2 protein chains.
Amino acid sequence: LQEKQNSMTKKLPSDSVINLDHGDPKMFEPYWQKMGDKCTVVISGWQSLSYFSDITNLCWFLEPELVEEIRRLHHLVANAEIEGHYIVVGTGSTQLFQAALYALSSPDSAEPINVVSAVPYYSSYQAVTDFLRSGLYRWAGDAYKYKGDQPYIELVTSPNNPDGFIREAVINGSGGKLIHDLAYYWPHYTPITTPADHDLMLFTVSKCTGHAGSRIGWALVKDKEVAKKMTKFIELNTIGVSKDSQLRAAKILKAVSDSCRQDYDNFFDYGRGLMAKRWERLRSVIGRNGLFSLPEYPMEFCNFFGELTEAHPAFAWLKSEEEESKDTESFLRAHKILTRSGKHFGVDTTYLRISMLDREETFDLLLQRLSNMSSKGRENGA
Amino acid sequence: LQEKQNSMTKKLPSDSVINLDHGDPKMFEPYWQKMGDKCTVVISGWQSLSYFSDITNLCWFLEPELVEEIRRLHHLVANAEIEGHYIVVGTGSTQLFQAALYALSSPDSAEPINVVSAVPYYSSYQAVTDFLRSGLYRWAGDAYKYKGDQPYIELVTSPNNPDGFIREAVINGSGGKLIHDLAYYWPHYTPITTPADHDLMLFTVSKCTGHAGSRIGWALVKDKEVAKKMTKFIELNTIGVSKDSQLRAAKILKAVSDSCRQDYDNFFDYGRGLMAKRWERLRSVIGRNGLFSLPEYPMEFCNFFGELTEAHPAFAWLKSEEEESKDTESFLRAHKILTRSGKHFGVDTTYLRISMLDREETFDLLLQRLSNMSSKGRENGA
């Protein structure tokens with residue numbers, strides 16, 4: 001344990017490569033350390049041996065404690081309508097996304113159903129949709145360009161990964177089915193303006209609380225048959241979902257809900273404060289160096305905080321303000337900053353995505369290097 | 001906690017439907033209860049936030065503690081050669097089976113590769129292979145009947161599920177790739193005669209220790225590129241494997257290894273004793289009622305126990321000795337015993353599989369009902 005704590009606090013060498021390619025949510029570690037034993041999960045050797053959690057539930061591998069805490073948190077935050085929805089638990093929302101594709105496609109169809117999302121779209125959607133060359137579904141790219149009159153599945157990520165904007169479906173066709181990926185629709189990232197009430201919504205513990213290593217996500221699903229088919233997918237794919245992680249997730253979500261009812265240590269307040277500070281510092285550095293621009297987000301009334309707030313997304317979506325053809329990812333890699341190029345999100349290499357969720361010292365190094373780029377640029381007369 | 005313990009010990013009503021369709025391994029609960037705190041896992045709120053476990057490992061989401069305990073247990077039991085193999089962790093061996101299909105198939109091939117297994121084969125293989133209608137692989141049924149000269153993947157399950165026999169590959173073709181599913185190759189189920197040393201071997205905590213709810217399996221893989229592709233599959237499918245369950249599995253496997261080094265409470269000794277007793281009682285009841293027959297297993301020298309032992313498989317594979325066309329599954333269902341018909345294993349309905357791994361009182365009810373069938377049979381003059 002001590003060793004683990006040490007590895008968390010040991011200083012990064014100042015010339016380290018910093019990896020901000022993934023959205024690895026380590027920034028919440030100090031909060032969870034402060035919470036101490038309240039969030040410690042203890043599992044005895046004889047617990048949770050069975051494959052089954054609750055055979056009376058449509059999703060038979062879903063732990064009742066987790067159901068309760070998911071319901072409670074959505075009620076408190078009011079970011080999603082939970083009544084009238086079935087809950088399906090998954091090994092992260094990535095598995096649930098595949099379960100949804102399986103559930104919304106038809107085994108009798110001659111052609112795979114087209115899966116689309118508006119650019120810039122989450123970089124993993126294409127690979128995850130196509131890697132098994134399924135005869136049920138296939139990636140069909142940018143939703144704005146979708147012209148077919150065939151049935152389709154549109155992915156709506158809101159707030160969007162990579163750019164942080166609130167989104168709605170862009171295709172107005174019949175025969176369309178929607179998957180709403182709401183991984184970032186939490187008050188530390190964005191104003192909560194209304195409880196989302198879509199047919200199929202995906203959430204994940206990873207981005208809500210930072211516990212990515214637990215691999216727990218959940219879907220809220222209106223249609224019973226779709227929820228059943230998603231459950232079937234997870235049965236065939238992994239025979240259920242880790243009970244240990246479900247029990248831990250229940251404990252962590254409980255701590256978040258409990259924190260929302262007190263004036264100090266409110267998790268979302270803490271998270272919003274941290275994100276706001278980071279965004280402020282990033283905007284200041286980016287503003288000074290003139291190499292990049294950042295999106296601007298509108299102020300909106302957040303029902304959770306009861307005040308006007310601004311989005312502080314989990315990723316910074318940078319656009320190069322220099323020559324148009326510039327490969328910004330390579331440019332930053334030369335400065336030992338690993339990021340993800342716009343080309344993975346269906347746009348060009350002048351864009352790039354940087355994780356805002358790493359540890360504080362990593363973020364500090366990022367800002368330091370971005371600042372140096374600017375001053376070097378000036379010295380060279382650029 | 002008390003509530004959970006109560007639910008484990010509360011008596012089944014004597015007219016309950018008993019579900020022995022799945023191999024839900026609840027029989028080891030009393031052992032783990034006896035072990036007490038030694039096997040309790042404690043995970044703090046701030047631990048394991050990251051997606052990553054060890055970025056220097058090919059399988060970057062594999063926890064170092066689990067690696068150590070997998071190595072130690074295989075060394076102690078000598079059921080598999082671990083040197084010269086990469087370890088890939090999965091969300092149960094079901095996910096690893098799919099990862100193996102992905103890794104052993106070719107994305108450039110015009111036709112999906114054929115996946116075969118000798119009858120009777122594990123009932124899930126077909127559904128798991130075909131449910132996404134992959135263009136990479138497809139189920140092609142009984143390996144004994146496989147005649148193609150195309151590349152193929154042969155699944156070798158040893159000891160076999162459902163019938164408990166030790167197996168080798170049955171096709172002697174070129175271009176064949178093998179997956180060895182060794183979930184039951186542990187000393188409580190079968191004599192350990194040699195350390196298995198195949199290209200790709202699958203194991204699971206579920207059947208080894210009974211912790212099915214944790215969904216942890218591992219693959220031992222000789223070829224580096226295959227191990228990399230399997231890791232890629234798991235990255236795309238679930239972005240890694242629950243760290244909480246990996247840490248718990250490490251603790252449980254450690255307890256098993258520790259128990260092997262002492263004279264009392266040896267886990268495999270306990271497990272073998274329990275299984276041997278159940279098989280003896282089942283054979284006695286089956287022998288008396290005359291409705292079914294059971295496979296006979298040879299005595300072999302088990303290197304682990306250092307003596308001649310017999311297999312005591314996790315499933316009983318019953319064959320009806322009555323009319324040939326009898327649907328034994330329906331017959332037992334009428335007696336409130338849920339089992340799995342031979343038709344799911346590629347053979348006919350005169351066969352059926354019964355789990356031997358449920359709680360003691362469920363097993364008692366099974367024997368009681370099988371005994372009553374026999375006496376009722378006799379009363380009716382059958």
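# Contacts, burial and strand pairing

Reader: Which residues does Asp181(A) touch, not counting residues up to four places away in sequence?

Author: Asp181(A) touches Tyr125(A), Val156(A), Thr157(A), Ser158(A) and Leu202(A), with residues up to four places away in sequence left out; contact means heavy atoms within 4.5 Å. This is a predicted model in which local features need pLDDT of at least 70, side-chain atom pairs count only at pLDDT 80 or more, and totals for chains, interfaces and linings use all residues, while side-chain values use heavy atoms and leave out hydrogens and water. Residues are numbered from 1 along each chain as its sequence is written, with chains lettered from A and ligands numbered from 1 in the order in which they are written.

Reader: Why is Asp181(A) called buried?

Author: Buried means under 20% relative accessible area, exposed over 50%, and partly exposed in between (1.4 Å probe, protein chains only). Asp181(A) has a relative accessible area of 10%, so it is buried. The residue belongs to strand S7 (residues 176–181) of chain A; helices (H or I, at least four residues) and strands (E, at least two) are DSSP runs, numbered from the N terminus.

Reader: What joins the side chains of Asp181(A) and Tyr125(A)?

Author: A polar contact of 2.8 Å joins them. The term covers a pair of N or O atoms within 3.5 Å; within protein, one must be able to donate a hydrogen and the other to accept it, and residues adjacent in sequence count only if both atoms are side-chain atoms. The 2.8 Å separation therefore lies within the cut-off.

Reader: What makes Arg278(A) and Glu360(A) a salt bridge?

Author: A salt bridge is a side-chain nitrogen of Lys or Arg within 4 Å of a carboxyl oxygen of Asp or Glu. The closest N and O atoms of Arg278(A) and Glu360(A) are 2.9 Å apart, so the pair qualifies. Arg278(A) lies in helix H9 (residues 267–289) of chain A and Glu360(A) in helix H11 (residues 360–379) of chain A, so that the pair links distant parts of the chain, 82 residues apart. Arg278(A) counts as buried because its relative accessibility is 2%, whereas Glu360(A), at 37%, is partly exposed.

Reader: How do you know that Arg359(B) and Glu29(B) meet in a salt bridge?

Author: Their N to O distance is 2.7 Å, which therefore satisfies the salt-bridge rule. Arg359(B) is in the loop between S16 and helix H11 (360–379) of chain B, and Glu29(B) is in helix H2 of chain B, 330 residues away in sequence. With 23% relative accessibility, Arg359(B) is partly exposed; Glu29(B), with 5%, is buried. Over all chains, the rule gives 44 salt bridges.

Reader: How many salt bridges does the rule find across the interface of chain B and chain A?

Author: The rule finds two. In a salt bridge between the chains, the closest N and O atoms of Arg248(B) and Asp244(A) are 2.8 Å apart. The interface also has 51 residue pairs in polar contact, both residues being at pLDDT 80 or more. On the side of chain B that touches chain A, H8(B) gives the most, with five residues.

Reader: What area do chain B and chain A bury between them?

Author: Buried area is the accessible area (1.4 Å probe) that two parts lose on being put together, summed over both. For chain B and chain A this comes to about 5700 Å², 57% of it on carbon and sulfur atoms. In chain B, Trp46(B), Leu49(B) and Arg133(B) lose the most area to chain A, together 15% of what that side buries. In terms of contact, 68 residues of chain B meet 68 residues of chain A.

Reader: In what sense do strand S2 (residues 41–43) of chain A and S2(B) pair?

Author: Two strands pair if DSSP finds at least two bridges between them. Strand S2 (residues 41–43) of chain A and S2(B) share three bridges in the antiparallel sense, so they count as paired. One of the bridge partners is Ile43(B) in S2(B), opposite Val41(A).

Reader: Why is one side of strand S10 (292–293) of chain A left without a neighbour in the sheet?

Author: The open sheet has four strands in the order S10-S13-S16-S15 (chain A), with antiparallel pairing. S10 and strand S15 (340–341) of chain A stand at the edges with a single partner strand each, so one side of each has no neighbour in the sheet. S10(A) pairs with strand S13 (residues 315–320) of chain A over two bridges, and Ser293(A) stands opposite Lys319(A) in S13(A).
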